[in-house]
Amino acid sequence: MRSLSLPRVATVLWAVVVALTVVFVAPPRPAHAADTLLSQDKPATASSTENAGTPASAAVDGDTGTRWSSAFSDPQWLQVDLGASATVSRVVLNWETAYATAYQIQVSSDGSNWSTVYSTTSGTGGTQTLTVSGTGRYVRMYGTARHTQYGYSLWEFQVYGSGGGTTPPPTGGGDLGPNVKVFDPSMSSGSIQSQLDSVFSQQESNQFGSQRYALLFKPGSYNVNANIGFYTSIAGLGRNVDDVNINGGVTVDAGWFNGNATQNFWRSAENLSITPSGGYDRWAVAQAAPFRRMHVRGDLNLAPTGYGWASGGYIADSKIDGTVQPYSQQQWLTRDSQIGGWLNGVWNMVFSGVVGAPAQSFPNPPYTVLANSPVTREKPYLYVDGAGNYNVLVPSLRTNSRGTTWASGSTPGTSIPLSQFYVAHSGDSAATINAALNSGLNLLFTPGVYHVSQTINVTRANTVVLGLGYATIVPDGGVTPMSVADVDGVKLAGLLFDAGTTNSPVLLQVGPSGSSASHASDPTSIQDVFFRIGGAGAGKATNSLVVNSANTIIDHIWAWRADHGSGVGWTTNTADTGLIVNGANVTAYGLFVEHYQKYNVVWNGQGGKTIFFQNELPYDPPNQAAYMNGSTRGYAAYKVADNVTSHEGWGLGSYCNFDVDPSIVDEHGFEVPNNSGVRFHDLLTVSLGGKGIINHVINSTGAAAQGTDTVPVNITSFP
């Protein structure tokens, strides 16, 4: 064998090194070597959050010590807005222990229509780097199965690729839009009256239309008569009630419906004084028509011209110098107000914290009277300061309250400038609204209809969400349109949730399932928030309002499964329950809940209180077999769970009108556990014209409500 010389050996070794360098040191460049991190610090939103400490934004902040986590249910998602269309090449998921075993990575150009670019049913958790190929402005992880009993949780959600853009931060303030009419004293009375008449002409009988209006008056005196139709709110823009005075009237009548006021829904008056030209003001309304922070310098008539049927209603934080005249009004709640007198009662007149209220006398006359209201916070309201700037006043919390907040001067509270609100307009997406909320802004909905294809998530303590002119939120694709985290002091007011054509599990959820924190010192409040299933078109929602957060104040809601309008029928506008309360120590004033197909109200939380409840059972069960709760005929209107040991209610009524099959029997109006800590005062049941029977008032107590005389069966105390 021939040996190699040293120079030859060196040459051969160098050739080997070169060859190895070519083969191993310079492999083909990986596909993602040139891609860029696009997602960091971009707006992120999610289907839900476990609590305020785990927001969606924590998964795109570049900090592996913060995380997003969801509610404990399927499906859930997290999405990021890249700011502009991007070509996505890689997604990195850094999971916390609570990871997804089944999920998809999806892209979208509009945040509504999604394409799947990756899918697995065998996720392993940890850090997963996924090579994908897709184009879109929005990218999301859509989880369908969890590894643990908890939610989904990501330390980081990173999207790589090319393109994208800078998403400008949401800004506060701005124009209130064309459906807010602002008047000032420099305008002629004729000009103002013409605009008021024009809106009323459009809205007088527009029961299920899409038009929405807010009529706002700057401080001063006006000589006009404002007739108020559907989806119309009239309000003063003063810091104090008497800063705006209308000499004339703010009127609701029922000429459009032949003198019947039982369908005068969805309208409001707030934060002004009236000097009525005839000595009295007429406010003949039914449900969802609050009269708040009003000063009537005369009498207040609650019946339509001709004293036709009327079925309302609600007054709060108001002063009526003269006498309130219900006449034909069947039921009413007046809270924390001052009145000069009260004329009469039909079935159910309830007073809570009212100076000048009549004495307790239920059922003859049917007056239920509480000297004080347990815990209250008045509704936030818009006003203009001395410099002409818009602000929102958030009134202070009160306990054992009585009389108006302004009896001794200005209403105590906190003023928030409009610059700290995202001013939403019809057409804004839920993604845009969530980005604004995530940036720390409050939320003001201008009058309009808002379609949302994902949940609006309110996650920050003390956020104010205020709607003007019956701003209406409609869920698309069966989403839950709004969810509130289990945090202190969120204020929700002035909204209408209208169910979409695809069934939503719930229309508004306050606190995730399992919420247990105490909010006694700073509760969340829900005020003048209304729910509709059908009527404007076929709609479906299993539950309307679910309250999981403790200490929540529910202050005037109407949850309505429609009995008339379009999209109405036993199998068409389906809805199980109007209100479910799981939180402890929840207080409700003015519950109007009607026509749901199972229990209208289910109360599972301990320590609950309800002051005034008005209910009609569903009109349209086709027969008794279709309206059975197991072996029990029908469902109670108001169900307190069997394990509840502390609950109290005052002034509650339930009515039946089974007009499809008048032979139907509902076994009892109210169903509660039999123990000394569950107490009810002043209850009634009524069969309207004898169409059906409510066999007992509460449990097996009370005679049957039946017969064509429409006479209530009353129970003054239970047990």
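Residues are called buried here when their relative accessible area is under 20%, exposed when it is over 50% and partly exposed in between (1.4 Å probe, protein chains only). The model is predicted, so local features need pLDDT of at least 70 and side-chain atom pairs count only at pLDDT 80 or more, while totals for chains, interfaces and linings use all residues. Residue numbers start from 1 along each chain as its sequence is written, and side-chain values use heavy atoms, with hydrogens and water left out.

Strands are DSSP runs of E with at least two residues, numbered from the N terminus. In strand β26 (residues 381–384), both faces are covered: Y381 and Y383 are buried on one side, L382 and V384 on the other. β26 runs antiparallel to strand β27 (residues 390–395), to which 4 bridges join it; pairing requires at least two DSSP bridges between two strands. L382 lies opposite V392 of β27. The two strands, β26 and β27, make a hairpin with 5 residues between them, and G388 in the turn has a positive phi of about 85°.

Turning to the aromatic rings, those of Phe, Tyr and Trp (its six-membered ring) pair if their centres lie within 6.5 Å; planes under 30 degrees apart count as stacked, over 60 as edge-to-face and the rest as tilted. The count by this rule is 37 aromatic pairs. One of them, F217 with Y222, is edge-to-face, at 4.9 Å centre to centre and 80° between the planes. F351 and Y367 have ring centres 5.8 Å apart and planes at 90°, so this pair is edge-to-face. It links distant parts of the chain, with F351 in strand β23 (residues 348–352) and Y367 in strand β24 (residues 367–370), 16 residues apart.
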